[in-house]
Amino acid sequence: MQFGNNRASPPDSLELEVSVFGTGFGESVLVHFGEDRWILVDSCRDPETRSPIALEYLSKLGVDISRGIKLIVASHWDDDHIAGISEVFTQAQSAVFACPITLAKPEFEVVVAVMTGTRFVSGGSGADEIFAVLKEIKTREEGGRGYHTARLAEANKILLELDGSSHVRVQALSPSDAEIVSATQRLRTIPIPEEGTPRVRLPRFHSNNASVAISVELHNGELLLLGADLEERGLAGVGWAAVVNEWPHHRGKHRVFKVAHHGSRNGHLDDIWQVLLRENPWAIVTPFKQGGTRLPTRQDCERLLGYTDLGRLAGGRYFTRYRDPDPAVRREIGERTRAARFVTSREGQVRLRKSINTDEDWRCELFGDANIIEASFIARID
Ligand SMILES: [Zn+2]
């Protein structure tokens, strides 16, 4: 991450901030809600330094991480959202950790036991991150220090609420009841491994469906909608349709949107824009590139531009073959996968700031590889 003077200047104590980081394969969102207090949603690593991007950024700002981060949310356990999240949590000694309830006890324990017992689950996977987070919570418990158990997120649950001049209220909007029932059903089909039997990697969960979207209310009623990778499936009771149906209108509309699922068509629902968002909102997308997939597509960007001219893209758009500097790791990757492809392009940051006590709009700054989603940008997409 390249730091000019401006990028490394911290927000004032009475200034709000929303920073969205993207790498092309990974996203991370930081919110400053006043008085040096922060929330982190998801984690990814800086492609060059391999440190969690959020840690690197907060350290540059001079934030006391052990006290400053109050809440860390893993929206779901896909690799592009959780890389390094346990590392951040270990340093953030006063943070509450939240993740989707769809991996609740005892399912949670089964998943951890099965997945961490598998040799070919290597670093960076969701299983390793869950395991490390749980271990850290255990250490805090045994150390006799104040600690919080993991908070399991589901629709309408409050994950954090603080009052005073740095008012904040973080409410999960998903997974919905129907999604929880369906996830529990799926977990029942997982066999519990017996002693001595070879272990296999679990079938991939449709974790996007159970992804935790969040509404953050800041001072002065300012609302942020953090869409995670939640998808719309055209069914009442699940996905975005459920979120829209459940949203209490009296709470108002969101001014800032971390666009769901990398701006893709399956994360889109017109009602998100009509019911949950204010007119012409700030809409920040992180790209996702892997194999032949590239999000957002040209059509996705065109659709977004139809809703707002304040669209921004955070993160690298170029794809290269990953080459780890450590030969042992290279050999490992070669043995385990046919073609390990990771994005090593530059990271990007979209940063919004505004003073706590005014009605002024957010000021937007772009750092690293970040773009305005406008006609001339769309024209360059092949
Ligand atoms: Zn994702």
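The following exchange sets features of this predicted model against the definitions behind their names.

Analyst: Local features need pLDDT of at least 70 and side-chain atom pairs count only at pLDDT 80 or more, while totals for chains, interfaces and linings use all residues. Residues are numbered from 1 along each chain as its sequence is written, and side-chain values use heavy atoms, with hydrogens and water left out.

User: What makes Asp80, His81, Asp229 and His262 donors of the zinc ion?

Analyst: A donor is an N, O or S atom within 2.8 Å of the metal (3.2 Å for Na, K and Ca). Asp80 (OD), His81 (NE2), Asp229 (OD) and His262 (NE2) lie at 2.1 to 2.2 Å, so they qualify. Water is not among the atoms, so the site may look incomplete.

User: Why is the site of the zinc ion called irregular?

Analyst: Four donors are tetrahedral if all angles lie between 85 and 135 degrees, and square planar if opposite donors are over 155 degrees apart and all others between 65 and 115; six count as octahedral under that second rule, and anything else is irregular. The angles among the four donor atoms run from 85 to 152°, so the site fits neither four-donor class and is irregular.

User: Why is aspartate 229 called buried?

Analyst: Buried means under 20% relative accessible area, exposed over 50%, and partly exposed in between (1.4 Å probe, protein chains only). Aspartate 229 has 2% and is therefore buried. Aspartate 80, at 4%, is buried too.

User: How do you know that β10 and β11 pair?

Analyst: Strands (E, at least two residues) and helices (H or I, at least four) are DSSP runs, numbered from the N terminus. Two strands pair if DSSP finds at least two bridges between them. Three bridges join β10 to β11 (residues 254-258), so the two pair, and they run parallel. Leucine 225 stands opposite phenylalanine 257 in β11.

User: What makes β7 and β20 edge strands?

Analyst: The open sheet has eight strands in the order β7-β8-β9-β10-β11-β12-β15-β20, with mixed pairing. β7 (158-162) and β20 (370-372) each have a single partner strand, so one side of each lacks a neighbour in the sheet.

User: What is notable about phi in aspartate 36 and aspartate 42?

Analyst: Most residues other than glycine have a negative phi. Aspartate 36 has a positive phi of about 60°, and phi of aspartate 42 is near 70°. Aspartate 36 is partly exposed at 49%, whereas aspartate 42 is buried at 1%.
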